[in-house]
Amino acid sequence: REHPDIYIALGDEQRFSCNYYHALEFYQKAEQVYLAEDDTEGLSKAYRSMAEIYLDIIQPAQAQVFLRKTYKTLGGKDHRDKAVILGLMAENMINQGMPRRAERYRQLARQSAYFQDNNNLEARILLRTGKYVDAIKILEQARSNEAQDQYHIPCSFRETPLILSVCYSYIGNSEKALTEAQKGIELGEKMFSSFVKVVGYVRMG
């Protein structure tokens with residue numbers, strides 16, 4: 001039997017490659033081992049990993065189940081991990097079309113010194129509440145601070161150019177919307193992420 005942390009690593013590899021079914025299989029194997037070993041810390045990792053799959057493929061009901069399991073398993077400690085889970089819960093509220101609840105979760109997460117907005121969370125809340133120009137400012141500023149050739153883990157439909165494409169489309173700037181969609185496609189190719197490329201093509205219309 002493989003060590004459960006290896007199953008988590010193999011699952012991550014599959015998830016980052018958008019092979020969500022295979023990723024879920026690895027996470028479930030890890031879950032079974034952690035349960036057998038009564039390893040609550042490991043179990044929280046397995047639950048969080050499964051939640052992130054459902055966040056990636058926008059299945060908020062399933063995501064919420066595993067986010068709650070993760071938070072409950074963490075108990076009264078692990079403030080760093082709890083801040084992350086609150087951020088993911090905020091994201092899940094966005095996916096359910098509940099931006100006000102998303103903002104409440106985000107505020108709770110931000111109370112922790114460990115919170116980091118790694119998935120353009122604030123910009124997506126602004127997008128969902130119709131504050132398109134504010135969202136664009138945040139995204140453009142974040143992009144200007146990033147190293148151009150720096151690799152980052154694929155984050156599905158949350159990639160900066162994909163969100164910018166939507167924002168520019170909503171304010172009527174079709175030229176910039178198409179430019180950002182093309183950047184999203186190129187980014188998907190660079191990261192070998194077929195999902196990101198598909199979303200980029202969808203943004204192209």
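Helices (H or I, at least four residues) and strands (E, at least two) are runs assigned by DSSP, numbered from the N terminus. By that definition, the protein in this predicted model has 11 helices and 0 strands. Its radius of gyration is 17 Å, close to the 17 Å that the globule rule gives for 205 residues, so the protein is as compact as a globular protein of that length.

**Overall fold**
- Reading along the sequence gives the pattern α-α-α-α-α-α-α-α-α-α-α.
- The C-alpha trace spans about 55 × 35 × 30 Å along its principal axes.
- Among contacts with a separation of 6 or more, 54% are between residues 24 or more positions apart.

**Surface and charge**
- Of the 205 residues, 45% are buried.
- The exposed area of the protein is about 11300 Å², and 49% of it comes from carbon and sulfur atoms.
- The protein has 27 positive and 27 negative charges, and the mean positions of the two sets are 7 Å apart.

**A closer look at Arg15**
- Arg15 is part of helix 1, which covers residues 4–16.
- Arg15 has a relative accessible area of 9%, and buried means under 20%, so Arg15 counts as buried.
- The Arg15 side chain makes polar contacts with two acidic side chains: Glu52 at 3.2 Å and Asp56 at 2.8 Å.
- Beyond its neighbours within four places in sequence, Arg15 is in contact with residues including Tyr20, Ala23, Tyr27, Ser49 and Ile53.

Key:
Residues numbered from 1 in each chain as written. Predicted model: local features only at pLDDT ≥ 70, side-chain atom pairs only at ≥ 80, totals over all residues. Heavy atoms only, no water. Rg over C-alpha atoms; globule rule 2.2 N^0.38 Å. Buried < 20%, exposed > 50% of the residue type's maximum accessible area, 1.4 Å probe, protein only. Contact = heavy atoms within 4.5 Å. Areas by Shrake-Rupley, 256 points an atom, 1.4 Å probe, with all protein chains shown as cover. Lys, Arg positive; Asp, Glu negative; His and termini not counted. Charge placed at Lys NZ, Arg CZ, Asp CG, Glu CD. Polar contact = N/O pair within 3.5 Å; in protein donor to acceptor, adjacent residues only side chain to side chain.
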